[in-house]
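Here's a quick briefing to read alongside the structure. It starts with the DNA, then goes through how the chains sit together, the sheets and a helix pair.

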Number of protein chains: 2
Amino acid sequence: MLPKAKYLTNLNERTIIDNSDPILPSALSEDDVLRLIEQAVMDHRLPPGTKLKEVELAQVFGVKRGAIRKVLTRLVHSRLADQQPNKGVTVAKPSVKEARDMFSARRAIECSMLESLAAKITAKQIKQLRKMLDEEQCCYQSGDSQRAIALSIEFHQVLASMADNDVMTDFLNDIIRRTPLIILTHLGDTGQNLCRNQEHDAIVDALENGDGEKAGRIMGQHLSHIENRIKEEPESPKSNLAALLLKVPS
Amino acid sequence: MLPKAKYLTNLNERTIIDNSDPILPSALSEDDVLRLIEQAVMDHRLPPGTKLKEVELAQVFGVKRGAIRKVLTRLVHSRLADQQPNKGVTVAKPSVKEARDMFSARRAIECSMLESLAAKITAKQIKQLRKMLDEEQCCYQSGDSQRAIALSIEFHQVLASMADNDVMTDFLNDIIRRTPLIILTHLGDTGQNLCRNQEHDAIVDALENGDGEKAGRIMGQHLSHIENRIKEEPESPKSNLAALLLKVPS
DNA sequence: ACAGCAATTATTGTTAACAATAATCTTCTG
DNA sequence: CAGAAGATTATTGTTAACAATAATTGCTGT
C-alpha cells in the first residue's frame with residue numbers, strides 16, 4: 001500500500017473549503033487563510049462549536065502549523081472563535097445576551113454613521129446604493145439567495161465606508177462578521193433573508209433628502225426587526241435537551 | 001571582568017517599567033506583560049513611535065521571546081502599536097483623522113449607553129459614581145493629578161460596565177486605551193487633565209433624574225470639549241519642521 | 001571629506017523537535 | 001458488564017536553532 005496522501009490525510013468528512021484536489025494553487029498567505037475561514041463561518045459552512053484543529057487546518061491549506069496558530073489567535077481576538085487553554089479553539093457560539101448587546105451596538109454605531117453621512121452624501125453615492133439594492137432584488141427574484149444575502153450585508157458595509165469613520169467601520173465589520181453566528185445558533189439555518197429590502201430603500205430615500213435623523217430612525221427599526229426575529233426563538237439546545245431528558249415513561 | 005548581568009543587558013537608557021532590580025518576582029504571565037505595556041503607554045512612559053524590540057522586552061520581563069511576540073501581536077491588533085513587516089513594531093501614532101474618528105465613535109457609543117443606563121440605574125450605583133467623583137476632586141486638590149486622571153478615565157469605564165453591554169464596553173475600552181496616544185502625539189505631554197469634572201457631575205445628575213437623553217447630550221458636549229482641545233492644536237512635527245527649515249537668514 | 005560598496009551586526013521571521021496536557025482505548029477486576 | 005487504572009494516541013504549547021531581512025559599520029577610491 002502507498003502511504004497516505006500528503007495533503008488530505010486525517011480530514012473529517014466535513015472539509016472546510018474544498019477537498020477536491022490538493023489545495024496548493026501557490027502559497028496561501030496568512031491573511032488568505034484568515035479570510036477563507038471567516039468566509040466559511042459567515043456562509044454557515046462552519047457551524048458554531050466546530051473544533052478547529054491546528055494540524056488539520058495546516059494540511060487543508062497547505063501551510064505550516066505556526067501560520068494556522070497565528071490565524072486562530074486572530075479569530076479568537078475578533079471573537080469569531082473561542083479558545084480554552086490546552087483544549088483548542090472552536091468557532092464561537094454567541095449567547096443571547098451577546099446577541100442582544102451586538103444589535104444594540106449596531107444600532108448605536110449605524111445610526112450615528114447615518115446621521116453624519118446624510119450631511120455629506122453625494123448624488124453619485126446615492127446612485128451606487130440604489131444600484132446595489134436593484135441588484136439584490138434581482139438576485140432574490142432569480143433565486144440566487146446566497147448572493148442576495150451577501151449583497152444585503154454589503155449594503156451596511158458600504159454605508160459605513162461612505163460615512164468615512166475608520167474606527168466605527170472596523171468595529172461594525174467585526175460585529176457584522178459575528179452576526180451569522182447569532183443567526184445560526186439561535187435561529188437555525190433556515191436560509192431566510194434577514195434584511196427587509198424596503199427598509200433599505202427607505203434609508204436611501206432619507207439619505208437622499210439629507211434627513212439623517214430619519215435615516216437613523218429607520219435603521220434602528222430595521223435592526224430591531226432583525227433582532228426580534230431572533231429573540232422570539234427559544235434557546236434551542238437547552239430546551240430540547242430538557243424536553244428529551246424529562247420525558248417520563250407514561 | 002564579570003560577564004554582563006543576566007537580566008539587564010542591552011537596555012536603553014529608557015527602561016520601560018522599572019530597572020531597579022532584576023525583575024523576576026516570579027514568572028510573569030503573557031497577560032501580565034500585556035497589561036504592563038498597555039499601562040506604560042497610557043501613563044505616557046512609552047511615547048508614540050517607540051520601537052518595541054523583542055529580545056529587549058524579553059529580557060526586561062524575564063520571559064521568552066515567543067511570549068513577547070504574542071503580546072506584540074495583541075498590541076498591534078488593538079491598534080496600540082503599529083507593525084511593519086521585517087521592521088518590528090512601534091507604539092502607535094494616531095493620525096488626526098483617526099483621533100477625530102475615535103471621538104466620534106466614543107460619542108456614539110457612550111451616548112447610547114447612557115440612554116439605556118438611565119432607564120435602569122440604581123440608587124446604589126449613583127452613590128458609587130458620586131464617590132468616585134469626590135475622590136477624583138480630592139486627588140486634584142491634594143496634587144495627585146496622576147491618580148486623578150486615572151479616576152477620570154475610570155469614570156467612563158464604570159459607566160460602561162453599569163450599562164452592561166459587553167460588546168460596547170469592550171469597544172469603548174479599546175478606544176479609551178488609545179486616547180492617551182492621541183493626546184501625546186497631538187497635544188504633547190502637558191499633563192493637563194482632560195475631563196471637566198463639572199460635566200461628569202452633570203452627567204450623574206441627569207442619570208439620577210432618569211433623563212438619559214440629557215445625560216447623553218452632556219456626554220456628547222463633554223467629549224467634544226476634549227476633542228476640540230486636540231483639534232485646535234496644529235500637527236506639531238510637520239509644521240514645526242517646516243517652520244525651522246524655511247527660516248530664511250535675513 | 002564622502003558617496004558607494006562590502007562586511008558585520010542586529011533584528012525579525014520560520015520551523016522542527018520536544019514537552020505538556022487532554023482524549024481515547026485497553027485491560028483488569030469485582 | 002461496569003468502571004477504574006493504566007497505557008496509548010492525539011492535540012496543543014514551548015523553545016531553541018536556523019533563516020531572512022534590515023540596519024550599521026568600516027573601507028576604498030576619487
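For the DNA contacts, a residue is near a strand if its C-beta atom, placed from the backbone, lies within 6 Å of it. Keep in mind that this is a predicted model. By that cut-off, the residues around DNA strand C come from both protein chains, with Lys64(A) and Lys53(B) among them. The two chains themselves superpose by a rotation of 180 degrees.

**DNA strand C**

- Chain A puts Lys64(A), Gly66(A), Ala67(A), Asn86(A) and Lys87(A) around DNA strand C.
- From chain B, the residues around this strand are Lys53(B), Glu54(B), Val55(B), Pro85(B), Asn86(B) and Gly88(B).
- Two helices, α3 (65-77) of chain A and α2 (54-61) of chain B, each supply at least two residues of this surface.
- Sorted by class, the surface near DNA strand C has 3 nonpolar, 4 polar and 4 charged residues.

**DNA strand D**

- Around DNA strand D, chain A contributes Lys53(A), Glu54(A), Val55(A), Pro85(A), Asn86(A) and Gly88(A).
- Chain B adds Lys64(B), Gly66(B), Ala67(B), Asn86(B) and Lys87(B) around DNA strand D.
- Which elements give two or more residues to the surface near DNA strand D? They are α2 (54-61) of chain A and α3 (65-77) of chain B.
- The class split for the surface near DNA strand D is 3 nonpolar, 4 polar and 4 charged residues.

**How the two chains are related**

- In general, two copies of a chain are related by a rotation about an axis plus a shift along it.
- Here, a rotation of 180 degrees with 0.0 Å of shift along its axis puts chain A on chain B, with an RMSD of 0.0 Å.
- The two copies are thus related as by a two-fold rotation axis.
- Ala108(A) is the residue of chain A that comes closest to that rotation axis, with its C-alpha at 3.0 Å.
- Both copies use the same surface, as 100% of the contact residues of chain A recur in chain B.

**The chain A/chain B interface**

- Contact between the protein chains involves 16 residues of chain A and 16 residues of chain B.
- On the chain A side, α3, α4 (96-118) and α7 each supply at least two residues.
- Which helix gives the largest share of the side of chain A that touches chain B? That's α4(A), with 8 residues.
- By class, the side of chain A that touches chain B comes out at 7 nonpolar, 5 polar and 4 charged residues.

**The sheet in chain A**

- Chain A has an open sheet of 3 strands in the order β1-β3-β2, with antiparallel pairing.
- β1 (51-52) and β2 (81-84) of chain A stand at the edges with a single partner strand each, so one side of each has no neighbour in the sheet.
- β1(A) pairs with β3 (residues 88-91) of chain A over 2 bridges, and the bridge partner of Lys51(A) is Thr90(A).
- β2(A) and β3(A) are joined by 4 bridges, with Gln84(A) opposite Gly88(A).
- β2(A) and β3(A) also form a hairpin with 3 residues between them, and Asn86(A) in the turn has a positive phi of about 65 degrees.
- Asn86(A) turns up again among the residues around DNA strand C and among those around DNA strand D.
- α3(A) lies across β1, β2 and β3 of chain A, running at about 110 degrees to β2(A).

**The sheet in chain B**

- In chain B, an open sheet of 3 strands has the order β1-β3-β2, and the pairing is antiparallel.
- 2 bridges pair β1(B) with β3(B), while 4 bridges join β2(B) to β3(B).
- The β2(B)-β3(B) hairpin has 3 residues between its strands, with a positive phi of about 65 degrees at Asn86(B) in the turn.
- α3(B) lies across β1, β2 and β3 of chain B, at about 110 degrees to β2(B).

**A helix pair in chain A**

- The axes of α6 (residues 145-163) and α7 (residues 166-187) of chain A come within 9 Å and cross at roughly 170 degrees.
- α6(A) and α7(A) are therefore roughly antiparallel to each other.
- Ile153(A), His156(A), Gln157(A), Ala160(A) and Ser161(A) in α6(A) meet Met168(A), Thr169(A), Leu172(A), Asn173(A) and Ile176(A) in α7(A).
- This contact has 5 nonpolar, 5 polar and no charged residues.

Technical notes
Residues are numbered from 1 along each chain as its sequence is written. Chains are lettered from A and ligands numbered from 1 in the order in which they are written. This is a predicted model: local features need pLDDT of at least 70, side-chain atom pairs count only at pLDDT 80 or more; totals for chains, interfaces and linings use all residues. Axes are lines fitted to C-alpha atoms, for helices over the stretch in contact, and angles run from 0 to 180 degrees between N-to-C directions. Angles under 35 degrees count as roughly parallel, over 145 as roughly antiparallel, 65 to 115 as roughly perpendicular and the rest as oblique. Two residues are in contact if their C-beta atoms, placed from the backbone, lie within 7 Å. Ala, Val, Leu, Ile, Met, Phe, Trp, Tyr, Cys and Pro count as nonpolar, Asp, Glu, Lys and Arg as charged, and the others, Gly among them, as polar. Copies are superposed by least squares on the C-alpha atoms of residues with pLDDT of at least 70 in both. Two strands pair if DSSP finds at least two bridges between them.
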